[in-house]
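Work through these exercises with the model open beside you. Try each task before you read its solution.

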Amino acid sequence: MSTRESKVLIDCGVLISEDNGSPYLNAPEVMPLGSIDAVVITHAHLDHSGLVPALYKYGYDGPIYTTPPTRDLMSLLQIDFIKVAMGEARKSPYDSSNIRKAVANTIPLKYGETTDIAPDVRLTFQNAGHILGSAVAHFHIGDGLYNVAMSGDIKFEKTWLFNPAVNKFPRLETLVLESTYGGYHDIQPSRHEAAQQLKEVIRRVLTRGGKVLVPVFAVGRSQEVMLVLEDAMRSHQIPEVPIYLDGMIWEATAIHTAYPEYLNSQLRTQIFQTGENPFLSPMFKRVETSDMRSNICDDVEPCIVLATSGMMSGGPVLEYFKSWADNPLHALLFVGFQSEGSLGRRIQREAREITLTDRGQPLTLPIKLDVETIDGFSGHSDRLQLLNYVGTMEPRPERVIVNHGEEFKCSDLASGLYKKFGLEARAPMNLETIRLK
Ligand SMILES: [Zn+2]
Ligand SMILES: [Zn+2]
């Protein structure tokens, strides 16, 4: 975003699975990187924060503004990102010294606090309801001249973890809105239905003596599924079995317990007034070594395992999957988005057999375990929630710029906003520039 006097970069992510997903850091608008006044990060997911340390490698030396939990989660995910790259003998776009530099340059800003980030730009973050610390960034430009809000990723529904995204601002002319589920057919079941379905599947599999494997991202869905499981097990709605957490989930959950004030009102009350923190329940067990992992794989007792990565593109989830795939007692349970081309998506599409690479060798596995998908746990708003977010916004913006979605979803949502509210709504191409005033 460029104003008369300054230049601000909002989000700087990386798409690990695609060739053309990285940002255009060589575009004339951002070059040279030293000319940028401030960097603002809406939340920690790598598609928003994954390339931030690279900015310091290539000449940026200024501040990063983000919420305190985003600062912590972001560096955790960035460290994991370079670790995974090294493990796969790929070149990482930066090293740990760049991550340290980024942390040192971060200025944490709580929800609702306003600060000057450039000569003519004031920034305020508000809750976005998507993951811990996720924010809608509101920019007040010039002396009452213009106001822009960048949604980042938003969830406009109260979830097990967070309050719904904020859509009330003192002033607003332009909204930049995500559209991950903005397509005409992107309607999802409610959180309540999703939780019921999750408990049903788990009850069925555990009572027949099977194990349940849930592929999850370290941040977001795993903590939400943990809360549903903790509640269901404590109230005896599902059998009592160990719940193993494998991958970065433990560390990410620890960051959630460090910031209870960023959780929804109910959870906050539970933690502060009754002293019960569901994340610290002894039901959850951390998988610390590969020996422990193979014991869990071979054990005959039923259990639940939450393991990364969420789309089964790598990580410990594959170890469990390899040893349980041919047993019809067990179940693989998808709770998160599976992108086109991922292993998760291929299995979800009723593959009977799958070939993976195992230590460099092809390995063909018959798939006999149950494969179940539970929609409705998404951290993103579905189409109705996105339309509602804009419909109930105060003040209603004059213009909406739709981004962060597949091309047809961006234009589906833009035309929906125009038809429903008569708003000027557009879905720009990558690298397109829009003059707001
Ligand atoms: Zn996200
Ligand atoms: Zn995103």
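**Exercise 1. Which residue of E19 stands opposite Arg399? Then trace the chain from E18 to E19 and give the hand of the crossover.**

Solution. This is a predicted model.
- Step 1: look across from Arg399. Glu424 in E19 stands opposite.
- Step 2: check the pairing. Three bridges join E18 to E19, and these strands run parallel.
- Step 3: follow the connection. The chain leaves E18, passes through H13 and arrives at E19. This β-α-β crossover is right-handed.

**Exercise 2. Place E18 and E19 in their sheet: what is the strand order, and which strands are at the edges?**

Solution.
- Step 1: read off the order. Seven strands form an open sheet, E5-E6-E7-E8-E9-E18-E19, with mixed pairing.
- Step 2: find the ends. The edge strands are E5 (114-118) and E19 (424-426), each pairing on one side only.
- Step 3: take the twist. On average, neighbouring strands of this sheet are turned by 20° against each other, direction ignored.
- Step 4: turn to the pair E9 and E18. Strand E9 (residues 174-178) and strand E18 (residues 399-403) run parallel and are joined by five bridges. Glu178 stands opposite Asn403 in E18.
- Step 5: add the helix. H13 (residues 407-421) packs on the sheet and touches E18 and E19. The direction of H13 makes about 160° with that of E18.

**Exercise 3. Find the backbone outliers: where are the cis peptide bonds, and which residues other than glycine have a positive phi?**

Solution.
- Step 1: recall the background. Most residues other than glycine have a negative phi, and most peptide bonds are trans.
- Step 2: take the cis bonds. One joins Thr308 and Ser309, with omega about 5°. Ser309 is in the loop between E13 and H10. Another runs from Glu394 to Pro395, with omega near -10°. Pro395 is in the loop between helix H12 (383-391) and E18.
- Step 3: take His404. Its phi is positive, about 55°, although His404 is not a glycine. His404 is found in the loop between E18 and H13. His404 counts as buried because it has 21 C-beta neighbours inside 10 Å, and the cut-off for burial is 20 or more.
- Step 4: take Leu431. Its phi is near 75°, again positive in a residue other than glycine. Leu431 lies in the segment after E19. Leu431 is exposed, because 9 other C-beta atoms lie within 10 Å and the limit for exposed is 12 or fewer.

**Exercise 4. Is Met311 buried or exposed, and why? What is Met311 in contact with?**

Solution.
- Step 1: locate the residue. Met311 lies in the loop between E13 and helix H10 (317-324).
- Step 2: count. Met311 is buried because 23 C-beta neighbours lie inside 10 Å.
- Step 3: list the contacts, leaving aside neighbours within four places in sequence. They are Gln338, Ser339, Ser342, Leu343 and Gly344.

**Exercise 5. Which strands pair with E10 in the parallel sense, and which residues cover its faces?**

Solution.
- Step 1: take E13. E10 and strand E13 (residues 304-307) pair in the parallel sense over four bridges. Val214 stands opposite Leu306 in E13.
- Step 2: take E14. Two bridges join E10 to strand E14 (residues 331-334), and these run parallel. Leu213 stands opposite Leu332 in E14.
- Step 3: look at the faces. Both faces of E10 (residues 212-215) are covered. Val212 and Val214 on one side are buried, and so are Leu213 and Pro215 on the other.
- Step 4: contrast a helix. H8 (residues 265-274) is hardly covered, with one buried residue among its 10. Gly275 follows H8 and has a positive phi near 70°.

**Exercise 6. Into which domains is the chain divided, and how many residues of each are in contact with the other?**

Solution.
- Step 1: set the bounds. Domain 1 is 8-185 + 379-426, and domain 2 is 191-373.
- Step 2: count the contacts. In domain 1, 21 residues are in contact with 24 residues of domain 2.
- Step 3: sort by class. The side of domain 1 that touches domain 2 has 12 nonpolar, five polar and four charged residues.
- Step 4: take the separation. The C-alpha centres of the two domains lie 28 Å apart.

Note on methods:
Residues are numbered from 1 along each chain as its sequence is written. Chains are lettered from A and ligands numbered from 1 in the order in which they are written. This is a predicted model: local features need pLDDT of at least 70, side-chain atom pairs count only at pLDDT 80 or more; totals for chains, interfaces and linings use all residues. Domain bounds come from an automatic or database domain assignment. Two residues are in contact if their C-beta atoms, placed from the backbone, lie within 7 Å. Ala, Val, Leu, Ile, Met, Phe, Trp, Tyr, Cys and Pro count as nonpolar, Asp, Glu, Lys and Arg as charged, and the others, Gly among them, as polar. Two strands pair if DSSP finds at least two bridges between them. Axes are lines fitted to C-alpha atoms, for helices over the stretch in contact, and angles run from 0 to 180 degrees between N-to-C directions. A crossover is right-handed if, with the strands pointing away from the viewer, the path from the first strand over the helix to the second runs clockwise.
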